[in-house]
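Dear colleague,

Please find below the structure that I am handing over to you. I should be grateful if you would look through it alongside the notes that come after it.

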Amino acid sequence: MSIDQRSPRRAFVGLGSNVEPARNLRAALVALERTFGDLRRSPVCVSPAAGYDGPDYWNLCVEFDTALPAEALVAALKDLERSLGRQPNEPRYAPKTLDADLLLLGDETSAAPPLPHPEILTRAYVLGPLAMLAPRHRLPGGTDPLSDLWRNFAGADELTVLEPDPL
C-alpha cells in the first residue's frame with residue numbers, strides 16, 4: 001500500500017458569488033479555513049456578470065498550503081460549491097451562490113485540471129484579485145510578476161475594489 005507523501009504546495013483559489021455574495025463568500029472562507037488552516041485573501045472586487053445580464057459578482061482570491069493533489073483539491077472545491085447551494089448542472093452563464101476555481105497549485109502545469117487556470121490572463125475578476133493578493137508571484141514558466149500582468153491588462157477598469165471590506 002503506497003501513501004501519497006506530497007509536500008505542501010501553495011494553492012491559489014478564485015471565489016465568486018452574485019447570489020447573497022456576502023453570506024456565501026463568508027461561508028466559503030470559514031469552510032476553507034476549517035479545511036486548510038490559515039488563509040490569506042485579496043480584497044473583495046466587484047465586476048459585472050460575464051456572458052449574461054445578471055447581478056454583479058463579488059470576487060476574491062485566497063491562498064493556502066495543501067498537500068492535496070490538484071484533482072482532489074478541485075473535487076473539494078466542487079463539494080464546497082454544492083454545500084452552498086450550487087447545482088452541478090447549472091448553466092455556465094447564470095447566477096451563482098459560489099464559484100470556486102483552482103487557479104494555481106505550486107508550479108504545477110496540467111491539462112486536466114487546467115493549471116494554470118486559463119481565465120487568469122483573460123478575465124479581470126480572476127487576474128485582479130490574484131495580482132492584489134500575490135503581486136510578485138509569477139505564473140509557472142512566466143517571467144512577469146502578476147502585478148505587471150495586471151497593470152497591463154486591458155480590462156482592468158471592469159473591476160472595483162469594495163471599500164470598506166464587506167467580509
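The notes below cover the pocket, one helix, the nonpolar cores and the salt bridges. Please keep in mind that this is a predicted model.

**The largest pocket**

The largest pocket has a volume of about 440 Å³. Its lining is made up of 26 residues, and those closest to the centre are Arg92, Asp99, Asp101, Glu119 and Tyr125. Two or more lining residues come from each of β1 (9-17), β4 (57-66), β5 (99-105) and α3 (124-133). Of the elements, β4 supplies the largest share, with four residues. Sorted by class, the lining holds 13 nonpolar, eight charged and five polar residues.

**Helix α3**

Helix α3, which contributes to the pocket lining, is itself mostly covered, with eight of its 10 residues buried. The buried residues are Ala124, Val126, Leu127, Gly128, Pro129, Leu130, Ala131 and Leu133. They pack against β1, β2 (40-41), β3 (45-47), β4, β5 and α4 (146-151).

**The nonpolar cores**

The largest nonpolar core has 26 residues, of which Leu15, Val62, Leu98 and Leu102 touch the most other members. The elements that give two or more residues to this core are β1, α1 (21-36), β4, α2 (70-83) and β5. Helix α1 gives the most, with seven residues. The surroundings of Leu15 can be listed in full: leaving aside residues up to four places away in sequence, Leu15 touches Leu25, Ala28, Leu29, Leu32, Trp58, Asn59, Leu60, Val62, Leu98, Asp99 and Ala100. A second, separate core of 18 residues includes Cys45, Leu103, Leu104 and Leu130. Leu130 is also one of the buried residues of α3.

**Salt bridges**

The count of salt bridges comes to 15. Three of the pairs are described here.

In one pair, the side chains of Glu63 and Arg10 meet at 2.9 Å, N to O. Glu63 belongs to strand β4 and Arg10 to strand β1, so this salt bridge ties together parts that are 53 residues apart in sequence. Glu63 is buried, at 5% relative accessible area, whereas Arg10 is partly exposed, at 29%.

Another salt bridge joins Arg92 and Glu119, whose closest N and O atoms are 2.6 Å apart. Arg92 lies in the loop between α2 and β5, and Glu119 in the loop between β5 and α3, so the pair ties together parts that are 27 residues apart in sequence. Arg92 counts as exposed, with a relative accessibility of 51%, while Glu119 is buried, with a relative accessible area of 13%. Both residues are named among those closest to the centre of the largest pocket.

Glu81 and Arg86 also form a salt bridge through their side chains, at 3.3 Å, N to O. Glu81 is buried, with a relative accessible area of 4%, and Arg86 is buried as well, at 15% relative accessibility. Glu81 and Arg86 are part of a network of salt bridges that also links Lys78, Glu90, Asp99 and Asp101. Of the network members, Asp99 and Asp101 bring us back to the pocket, since these two residues are listed with those closest to its centre. Asp99 is, in addition, one of the residues that Leu15 touches.

Yours sincerely

Definitions and conventions: Residues numbered from 1 in each chain as written. Predicted model: local features only at pLDDT ≥ 70, side-chain atom pairs only at ≥ 80, totals over all residues. Heavy atoms only, no water. 1 Å grid on protein atoms, 1.4 Å probe; cavity = no way out; pocket = protein on both sides within 12 Å on 5 of 7 lines; lining within 4 Å. Points joined across faces, edges and corners; volume = space filled by probe spheres on them. Nonpolar A, V, L, I, M, F, W, Y, C, P; charged D, E, K, R; others polar. Buried < 20%, exposed > 50% of the residue type's maximum accessible area, 1.4 Å probe, protein only. Contact = heavy atoms within 4.5 Å. Core = buried A, V, L, I, M, F, W, Y, C linked by side-chain atoms within 4.5 Å. Salt bridge = Lys/Arg side-chain N within 4 Å of Asp/Glu carboxyl O.
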